[in-house]
Amino acid sequence: MKIYDSANFSNLPGELQGLFAAGAEESFFNLPEWYDIVARHGLEPGWTPRLYASNEASLIGCVAQGERGVEVRGCCNMYTIDHSVLAASAAGVRQLFAEIAREKPLPDGVLLPGLDPDDSRFAAALAGLKQAGFLARPYFCWGTWYETTAGQDFNAYLAARPSALKNTWRRKLPALEKSSRIAFRTSGDVERFVLDYEDVYRRSWKTPEPFPEFLPALMRMAAHKGALRFGVLEADGNPVAVQFWIVWKKRAIIYKLAYDDKLRAFSPGTLLTFHMIRHVLEYDRPDEINFGRGDDNYKKLFMSARRERWGIQAVNPRTVRGFSRSVRLVAGMARDRLLKRRPPANAAESR
């Protein structure tokens, strides 16, 4: 195993190019450019990006070292939709995590959020940590609501929506048109969209972003990669609702949205969502549209299916800090068994 501290994701070692290229076929969030933005703009103070790599597997993580010991976690933050271990084989993943757990100085804990529990790499990472003597527990991270849209046009999508949602769209659009001169914009300069997004966000109900440079950098990167889709709803020439989508490898993600809270009565977010869905179905023809992470009730109106992302929490009982935390982890595992909280059976097995 090789370790790259403060990894430069803009200039990765040549031997890792194949793993990242294969990972990018699975998810936008496996791109080295994504991890570059997380590393530069999206980590809490005290955390440093680190790349663990072997010939068959790679973990893009971050590490905190200090008086509290050594902590390792996936290079994720609140903006991560899914996280993966890049690997050519499950056996390579198991070996990699066994080596990470034995690296000196010994880590007190490992936290891997946002993984696919149905992927064999999940079970392999769990097994590798246990092989190295760690106590490891799968835990639920978040749900994602999605709609399969392969071969589907907007009329078919709309027909499958609940009556209440369709009625909202049909009533609120004419009402807003009567009150204002409206326009939908789905193209133009990315810098103008960044300004529009930030303007509307300030007038929305949302709290300030914890990493203010993160989203503008991500929008620019997505535009460079051809993955940015955006929508702006204007009323009398002023932006009142904005949406930032990521479209990658036939999957469309409704990533971030905001609207002017003063126009809440006209449901501008719903109006823009329908307009963007129509636009993306016609322009990109994705196999899936999803609402990213979170089980907000409104997402169930637009999407009819749900999947889960799980994580792995592991502690090292051989270190002082790890031992004290292992008591809480064992208690959590007991609660999981009592409440029957577990990922799919294949993921929970430790082969």
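**Helices α6 and α9**

I began with the way helix α6 and helix α9 are set against each other in this predicted model, and I found that their axes come within 9 Å and cross at roughly 105°. An angle from 65 to 115 degrees counts as roughly perpendicular, and therefore I noted α6 and α9 as roughly perpendicular to each other.

I then looked up which residues make this contact. From α6, which covers residues 163-179, the residues are L165, T168, W169, K172, L173 and L176, and they meet T270, L271, F274 and R278 in α9. Sorted by type, the residues of this contact divide into six nonpolar, two polar and two charged.

**The largest pocket**

I next turned to the largest pocket, for which I noted a volume of about 670 Å³. Its lining is made by 31 residues, and the closest to the pocket centre are W205, K206, L257, Y298 and K299. When I asked which elements give two or more residues to this lining, I found β11 (251-259), α9 (268-283) and α10 (299-302), so that α9 enters my notes again, because I had already recorded its crossing with α6 as roughly perpendicular. The largest share, five residues, comes from β11. By type, the lining residues divide into 17 nonpolar, seven polar and seven charged.

**K299, from the pocket lining**

I followed K299 further, since it is listed among the residues closest to the pocket centre. K299 is found in helix α10, and its relative accessible area is 4%, which means that it is buried, the cut-off for that word being under 20%. Setting aside the neighbours within four places in sequence, I found K299 in contact with W145, F291, R293 and G294.

**Backbone entries**

Which peptide bond did I note as cis, with omega near -5°? I recorded the bond from K104 to P105, and I placed P105 in the loop between α3 (90-102) and β6 (109-115).

I also wrote down two residues other than glycine with a positive phi, and I kept the reason beside them: most residues other than glycine have a negative phi, and most peptide bonds are trans. For K249, phi is near 50°; this residue lies in the loop between β10 (238-248) and β11, and K249 is partly exposed, with a relative accessible area of 44%. For R285, phi is likewise near 50°; R285 is found in the loop between α9 and β12 (288-290), and with a relative accessible area of 60% R285 is exposed.

**Buried residues M221 and W310**

Is M221 buried or exposed? I placed M221 in helix α8, residues 214-224, and at 9% relative accessibility M221 counts as buried. Not counting residues up to four places away in sequence, M221 touches F28, E33, W34 and I37. I also looked up M221 against S84: the two are 137 residues apart in sequence, and their C-alpha atoms are 20 Å apart in space.

W310 is found in strand β13, residues 305-315, and at 6% relative accessibility W310 counts as buried as well. For the pair W310 and D82, which are 228 residues apart along the chain, I noted a C-alpha separation of 9.6 Å.

**Exposed loop residues P45 and R342**

I found P45 in the loop between α2 (32-41) and β2 (48-53), where at 81% relative accessibility P45 counts as exposed, the cut-off being over 50%. The C-alpha atoms of P45 and A64 are separated by 9.2 Å, and these residues are 19 places apart along the chain.

The last residue I looked up was R342, whose place is in the loop between α11 (320-339) and α12 (345-348). At 54% relative accessibility, R342 counts as exposed. How many Å separate R342 and D196, C-alpha to C-alpha? I noted 42 Å in space for this pair, with the two positions 146 residues apart in sequence numbering.

Key
Residues numbered from 1 in each chain as written. Predicted model: local features only at pLDDT ≥ 70, side-chain atom pairs only at ≥ 80, totals over all residues. Heavy atoms only, no water. 1 Å grid on protein atoms, 1.4 Å probe; cavity = no way out; pocket = protein on both sides within 12 Å on 5 of 7 lines; lining within 4 Å. Points joined across faces, edges and corners; volume = space filled by probe spheres on them. Helix = DSSP H or I, 4+ residues; strand = E, 2+ residues; numbered from the N terminus. Nonpolar A, V, L, I, M, F, W, Y, C, P; charged D, E, K, R; others polar. Axes fitted to C-alpha atoms, helices over the stretch in contact; angles between N-to-C directions. Parallel < 35°, antiparallel > 145°, perpendicular 65-115°, else oblique. Contact = heavy atoms within 4.5 Å. Buried < 20%, exposed > 50% of the residue type's maximum accessible area, 1.4 Å probe, protein only.
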